[in-house]
Amino acid sequence: MPDRAPHATSTTERGAFCTARCDCGWRGPARRARSQARTDAERHLADVEAGSDADDDGDGRPLE
């Protein structure tokens, strides 16, 4: 769909924490485990493909 933002995820580290981010503006919670941040990003992409809105509360983080 041309009106949707592109979705390309990455992780960034700050101190002992790792956060998943997406080019669409989504950001996951800070995690101590890089693997969990990557899982957050994978879930975001899966939610986007499924057409669900994982950010119902507007804070930019996935609902858990």
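Visitor: Let's start with C18: is C18 buried or exposed?
Guide: You're looking at a predicted model, where local features need pLDDT of at least 70, side-chain atom pairs count only at pLDDT 80 or more, and totals for chains, interfaces and linings use all residues. Residues are numbered from 1 along each chain as its sequence is written, and side-chain values use heavy atoms, leaving out hydrogens and water. Buried means under 20% relative accessible area, exposed over 50%, and partly exposed in between (1.4 Å probe, protein chains only). With a relative accessible area of 2%, C18 is therefore buried.

Visitor: How many disulfides turn up in a search of the whole structure?
Guide: To count, two cysteine sulfur atoms have to be within 2.5 Å. The whole structure was searched, and the number of disulfides found is zero.

Visitor: So how far is C24 from the nearest cysteine sulfur?
Guide: C24 is in no disulfide. The nearest cysteine sulfur belongs to C22, and the distance is 3.6 Å.

Visitor: And what is the relative accessibility of C24?
Guide: C24 falls in the in-between class, counting as partly exposed. Its value is 31%.

Visitor: Which side chain makes a polar contact with the side chain of H44?
Guide: H44 sits in helix 1, residues 34–50 (helices are DSSP runs of H or I with at least four residues, strands are runs of E with at least two, and both are numbered from the N terminus). H44 is buried, with a relative accessible area of 8%. Leaving out residues up to four places away in sequence, H44 touches H7, T9, C22, C24 and W26 (heavy atoms within 4.5 Å). At 3.3 Å, the side chain in polar contact with that of H44 is the one of H7.

Visitor: Which residue stands opposite T12?
Guide: Strand 1 (residues 9–14) pairs with strand 2 (residues 17–22) in the antiparallel sense over six bridges (pairing needs at least two bridges in DSSP). The two strands form a hairpin with two residues between them, and G15 in the turn has a positive phi of about 65 degrees. Opposite T12, in strand 2, stands T19.

Visitor: Which residue meets E13 in a salt bridge?
Guide: A salt bridge puts a side-chain nitrogen of Lys or Arg within 4 Å of a carboxyl oxygen of Asp or Glu, and the whole structure has two. In one, E13 in strand 1 is linked to a residue of helix 1, 21 residues apart. That partner is partly exposed, with a relative accessible area of 48%. The N to O distance is 2.7 Å, and the residue is R34.

Visitor: What about R31: which residue forms a salt bridge with R31?
Guide: Both residues of this pair are buried. Their closest N and O atoms are 2.9 Å apart, and the partner of R31 is D40.

Visitor: How far apart are the C-alpha atoms of A30 and T19?
Guide: A30 is in the loop between strand 2 and helix 1, and A30 counts as partly exposed at 48% relative accessibility. Beyond its neighbours within four places in sequence, A30 is in contact with F17, C18 and T19. A30 and T19 are eleven residues apart along the chain, and their C-alpha atoms are separated by 4.8 Å.

Key:
A polar contact is a pair of N or O atoms within 3.5 Å; within protein, one must be able to donate a hydrogen and the other to accept it, and residues adjacent in sequence count only if both atoms are side-chain atoms.
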